[in-house]
Every structure is written in C-alpha cells, then in structure tokens.
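Thank you all for making time this morning. I would like to walk you through one structure, going from its strands to its charged pairs, and I will try to keep each part separate.

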Amino acid sequence: MAGGTVLLAACTPSVPSSLESLPGQSVSPAPSVAGGVVPVSWSGVTDPKKIPLGDDKVSTAPQTGYVYSCQTSFRPGGARHDGPWMDATNKTWDSTSKVQVQGEHRWPDAEYDETVQGDSRVVTSKDLPTHQSTGTFPIQQSDPAYQYDTNPNAIASKTVNLTLPLNPSLADKAGCLSMGAIGILKNGVYLYNALDDAGRDAAAHETQDMCDGHPDGAEDYHYHDIPSCLLSAATGNGSTLVGYALDGFGIYVERDDKGNLPTNADLDSCHGRTSKVMWDGKETTMYHYSATLEFPYTVGCYHGTPIDAPAHDRTGGKRSGAGRGQGQRQGPGQRQGQGRRPAQSAAQGQG
C-alpha cells in the first residue's frame, strides 16, 4: 500500500498536459482535475509507518473499516512469508519500508477509453497501465522480494469492456464485494478489494511493484489500493477522480489543506461519503468512495448496484508472449507455480 505525501516519490508517472478527446462526451486517461469540497482538516492522520493491519477486518455486513465480503471462507495463498515491515506485536505495517518488486516495464499497447453512450459510461482498456510501468513478473529469484512472495504469475493483456451507469444511484441496501475486480482505475488497471487469497490484508502482506500492482493467477494485473503513481498525480487538495467502482460511483483521492487523506472515521461503512466533487466536468454533490491509508483503502462495500464482475479465471492463463511488457521474459526456472508451497495452487488467485 502506498499513500500520503511520504510515499509520493515512489515513482514518477507521466501525466499528459491535456486530456485526449474521443467521440462521445468525455475521456480521461489520467486523473481528473481536482475540485469539489474537502474539509480543511480530516478528523485524524494515519501514520504510513504504523498502518493498522486489516487481517481481522472481514465482515458479513457493512461495517466501517472492514471489507464486506461475498466470500466467507478463504484458501491458503498470497505472500509466503511476512517481511520486516510487518509488526506482528502491534498489528501494524510500515508502507515506507516495504520491499518492492524490481523491474520497470512499459506497455505500448496499453489503452484507456471512456465514452458516454446514452445513460451509460463505457470504459475499455487492456488492464495495463497507460502512464506507468510495472515490475518484472513472475518475481525473479534474484529479486529481494522473492524471499517473501514467490508470485509465479505473468502479466497479460486483457480485453476490458465495462458498461457502468452514468448516473449511479444508491441501492436499498449495501452489497458485498467479490474477489477479483471491483472497479477500474483511470490508468486502465483493475481495482480489487483489499483482501488477498487467504482473506488477509493484501497491501500489507503481498509484494507489489513500484506502482503497487501485481498479477494474479489469471495474469490480471491489479491493485488492492490506490497506487502511489496515481496518488502522486492527484496533487494539491480537493477531490480528484481516479476511477470507478462497478456500481458506477467514482473513487476519489481527497486531500485536505495539509495534503492528508481521510481516515476511516471520516467515511461511512462502504468507505465513502457524500460531498461536492467534479463529475463529468461539473461540480456535483453526490456519493463517492474515498481513498485512505487505512484498510480497506478504497471500497468497503457497494453502496450502489454493481454490474456483473468481469470474468476472472482463477486457474491461470496461458503463457504466451502476447501482451507482455517490453523486455519482459520468463526467468530461468520461473515456470508456473515454482516456489509455491504445496497448499497453494500454481495460479495465485486474488493476490
């Protein structure tokens, strides 16, 4: 997990000077211009060196600071060993000292298109970051991250086509989050919930690359929180739209006058709030989700009615060269599943 001003130097994204226009009403491959209304000061500040661990925060009903999960039983998976950034005694973790997966691969075939068609917002992408790099996956044995997480999965280009409600409305009751994609960020990459395959705090336990992403057993690249590269693009204060949940509501980075993100105490049980934000070029008072340094980081439950989640093949994909980043190669001995414990499948699931 990366967030807060301490972590913004984690990587330097390439942000276009202007937004490209497409047929339709709007498109934005990078975070939107900040606007809206944010308190002068949030109720508190989360220390990035002492982030409360979210391992025991899975619920079967909406609850502030928890993931309301559709899945109630979990299998072994995710990272193999806890790293020194974990404080088991105090149940916290230090995001500033966490190891990152090495490598820097660009994806020339990455794309993000967003158009308005009637009452729908149509988002298409390749599930590859448009303005950021990824690390080298599978994690190489020479990578220091390998001693903690032997993620054997590659990154593959996907066909993403999501039809979201243009003007989402609140549902009669909150909905649970599935494993796999729960949203899409405006750099074209899937957002997952905050849990790894074992039902633990994925941002804390699993190792990600310099922009906080990694692939799962279906070779889907994804984030479990708002990545540092998008946080650094959402500069200043105010509310900056960085993506959409599958119910159509926006996901925002919201900074107060000191540049701090909100805490769970500032948000509701689904990790959101209602305030004035920039929405399709206009300041609009509406419900939205808000990124935090605290678990569950982005979305705790659906406050609207989600579309069907994208197909998620947990058994893994074929290892072809298609869709790989420049210079990405399968390292020596890095066959699917090598280095995993027998209890873990070769295809790493959620994580």
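Let me begin with a pair of strands: strand 14 and strand 15 run antiparallel and are joined by 6 bridges. What you are looking at is a predicted model, so please hear everything that follows as a description of a prediction. Within this pairing, Gly 238 stands opposite Arg 255 in strand 15, and the hairpin that the two strands form has 4 residues between them, with Gly 248 taking a positive phi near 95°.

Strand 14, which covers residues 238-245, is mostly covered, since 8 of its 8 residues are buried. Strand 14 also has a second partner, because strand 10, residues 181-185, is joined to strand 14 by 3 bridges and runs antiparallel to it. In that pairing, Leu 185 stands opposite Gly 243 of strand 14.

Now let me step back to the whole protein. It has 2 helices and 18 strands, and of its 351 residues, 58% count as buried. If we take the contacts with a separation of 6 or more, residues 24 or more positions apart account for 76% of them.

Which residues touch the most other members of the largest nonpolar core? That core has 66 residues, and the ones in question are Trp 93, Ile 226, Ile 251, Val 253 and Tyr 289. As general background, nonpolar side chains in soluble globular proteins tend to be buried together. Ile 251 is a useful one to follow here, for, leaving aside neighbours within four places in sequence, the contacts of Ile 251 include Leu 191, Ile 226, Leu 241, Val 242, Tyr 289 and Val 299.

Another hairpin deserves a moment. Strand 6 and strand 7, the latter being residues 120-125, run antiparallel and are joined by 6 bridges, and Glu 114 has Val 123 in strand 7 as its bridge partner. In this hairpin there are 2 residues between the strands, and Gly 118 takes a positive phi near 65°.

That brings me to the charged pairs. How many salt bridges does a search of the whole structure find? The search finds 7, and I will take three of them in turn.

In one of them, Arg 75 pairs with Asp 197, and the closest N and O atoms are 2.3 Å apart. Arg 75 lies in the loop between strand 3 and strand 4, while Asp 197 lies in the loop between strand 11 and helix 1, so this pair ties together parts that are 122 residues apart in sequence. In space, the C-alpha atoms of Asp 197 and Arg 75 are 6.4 Å apart. The two residues also differ in how they are covered, because Arg 75, at 31% relative accessibility, counts as partly exposed, whereas Asp 197, at 2%, counts as buried.

In another, Asp 280 forms a salt bridge with Arg 121, with the closest N and O atoms 2.9 Å apart. Asp 280 sits in the loop between strand 16 and strand 17 and Arg 121 in strand 7, so the pair ties together parts that are 159 residues apart in sequence. Here Asp 280 is partly exposed, with a relative accessible area of 35%, while Arg 121 is buried, with a relative accessible area of 0%.

The remaining one on my list joins Arg 273 and Glu 254, whose closest N and O atoms are 3.0 Å apart. Arg 273 lies in strand 16 and Glu 254 in strand 15, so this pair ties together parts that are 19 residues apart in sequence, and both Arg 273 and Glu 254 are buried. There is also a network, in which salt bridges that share partners join Glu 114, Arg 121, Lys 186 and Asp 280.

I will finish with a charged residue of another kind. Asp 94, in the loop between strand 5 and strand 6, is buried yet has no salt bridge. Why does Lys 49, the nearest side chain of opposite charge, not count as a partner? Lys 49 is 5.9 Å away, and a salt bridge needs the charged atoms within 4 Å, so the pair falls outside the cut-off. What the side chain of Asp 94 does have is a polar contact of 2.5 Å with the side chain of Thr 96, and another, of 3.2 Å, with the side chain of Ser 97. Beyond its neighbours within four places in sequence, Asp 94 is in contact with Pro 48, Lys 49 and Trp 85.

Conventions:
Residues are numbered from 1 along each chain as its sequence is written. This is a predicted model: local features need pLDDT of at least 70, side-chain atom pairs count only at pLDDT 80 or more; totals for chains, interfaces and linings use all residues. Side-chain values use heavy atoms; hydrogens and water are left out. Buried means under 20% relative accessible area, exposed over 50%, partly exposed in between (1.4 Å probe, protein chains only). Lys and Arg count as positive and Asp and Glu as negative; His and the chain ends are not counted. A polar contact is a pair of N or O atoms within 3.5 Å; within protein, one must be able to donate a hydrogen and the other to accept it, and residues adjacent in sequence count only if both atoms are side-chain atoms. Contact means heavy atoms within 4.5 Å. A nonpolar core is a set of buried Ala, Val, Leu, Ile, Met, Phe, Trp, Tyr and Cys residues joined through side-chain atoms within 4.5 Å.
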